[in-house]
Amino acid sequence: MINPVSKSRTMLKGINDRFRAFYNRNPPLVIMLMLMLMLALSQWYYRYVSSNPRMQHFVIGVEQGLSADSIYHLGKEMYNK
């Protein structure tokens, strides 16, 4: 039987090797794609998360630098009263 942990590590190593090969051939393209991804995530954050009243615990948690677990419990405290 194959150990699932070693199988996933092998898969991640393959993905990492492919990404490195692609980056070595096209560094400006990869940098541009990463910047576009960061821009898309920030737009999603400001449009959806910060304007949604049910996500205010997430906004507060990110601004305060809380861990994911602390943000989750903050949300439970705020909305499950």
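Trainee: Ile 60 lies in helix H3. Why is Ile 60 called partly exposed?

Mentor: This is a predicted model, and the value is computed from it. Ile 60 has a relative accessible area of 31%. Buried would need a value under 20%, and exposed a value over 50%. The 31% of Ile 60 falls in between, so Ile 60 is partly exposed.

Trainee: Which residues does Ile 60 touch, leaving out those up to four places away in sequence?

Mentor: Leu 74 and Met 78. To count as a contact, heavy atoms must lie within 4.5 Å. Val 30 is 30 residues from Ile 60 in sequence, and their C-alpha atoms are 32 Å apart in space.

Trainee: His 57 is also found in helix H3. What makes His 57 buried?

Mentor: The relative accessible area of His 57 is 14%. The cut-off for buried is under 20%, so His 57 is called buried. With residues up to four places away set aside, His 57 touches Ile 71, Leu 74, Gly 75, Met 78 and Tyr 79.

Trainee: Which residues of H3 are buried, and what covers them?

Mentor: H3 runs over residues 56–64, and its buried residues are His 57, Val 59 and Gly 61. Their cover includes helix H2 (27–49) and helix H4 (68–79).

Trainee: Gln 64 lies in H3 too. How do you know whether Gln 64 is buried or exposed?

Mentor: Gln 64 has 56% relative accessibility. Exposed means over 50%, so Gln 64 counts as exposed. Between the C-alpha atoms of Gln 64 and Asp 17 there are 36 Å in space, with the two positions 47 residues apart in sequence.

Trainee: What follows H3?

Mentor: Gly 65 follows H3, and its phi is positive, near 75 degrees.

Trainee: How many aromatic pairs does a search of the whole structure find?

Mentor: The search finds three. One of them is formed by Phe 19 and Tyr 23.

Trainee: What makes the pair of Phe 19 and Tyr 23 stacked?

Mentor: Two values decide it. The ring centres are 6.4 Å apart, and a pair needs centres within 6.5 Å. The planes meet at 20 degrees, and stacked means under 30 degrees. Both conditions hold, so the pair is stacked.

Trainee: Where do Phe 19 and Tyr 23 sit in helix H1 with respect to each other?

Mentor: H1 covers residues 4–25, and the two are four residues apart in it, which means a separation of about one helical turn. An α-helix has 3.6 residues a turn, so residues three or four places apart point the same way.

Trainee: Why are Phe 19 and Tyr 23 called partly exposed?

Mentor: Phe 19 has a relative accessible area of 38%, and Tyr 23 has 34% relative accessibility. Neither value is under 20% or over 50%, so each residue counts as partly exposed.

Trainee: Phe 22 is found in H1 as well. What makes Phe 22 partly exposed?

Mentor: Its relative accessible area is 30%, which is again between the cut-offs of 20% and 50%. Phe 22 touches Leu 29 and Val 30, not counting residues up to four places away.

Trainee: Why is the pattern of the chain written α-α-α-α?

Mentor: The chain has four helices and zero strands, and read along the sequence they give α-α-α-α.

Trainee: How do you know how the chain stands against a compact globule?

Mentor: Set the radii of gyration side by side. A compact globule of 81 residues would be near 12 Å, but the chain has 19 Å. The C-alpha trace spans about 50 × 40 × 20 Å along its principal axes. Of the 81 residues, 11% count as buried. Among contacts with a separation of 6 or more, 9% join residues 24 or more positions apart.

Trainee: How many positive and negative side chains does the chain have?

Mentor: There are 10 positive and 4 negative ones, and the centres of the two sets lie 13 Å apart. The accessible surface of the chain is about 7000 Å², with 65% of it belonging to carbon and sulfur atoms.

Definitions and conventions. Residues are numbered from 1 along each chain as its sequence is written. This is a predicted model: local features need pLDDT of at least 70, side-chain atom pairs count only at pLDDT 80 or more; totals for chains, interfaces and linings use all residues. Side-chain values use heavy atoms; hydrogens and water are left out. The radius of gyration is taken over C-alpha atoms; the globule rule is 2.2 Å times the number of residues to the power 0.38. Buried means under 20% relative accessible area, exposed over 50%, partly exposed in between (1.4 Å probe, protein chains only). Accessible areas come from the Shrake-Rupley method with a 1.4 Å probe; for residues, only the protein chains shown count as cover. Lys and Arg count as positive and Asp and Glu as negative; His and the chain ends are not counted. The place of a charge is taken as NZ of Lys, CZ of Arg, CG of Asp or CD of Glu. Rings of Phe, Tyr and Trp (its six-membered ring) pair if their centres lie within 6.5 Å; planes under 30 degrees apart count as stacked, over 60 as edge-to-face and the rest as tilted.
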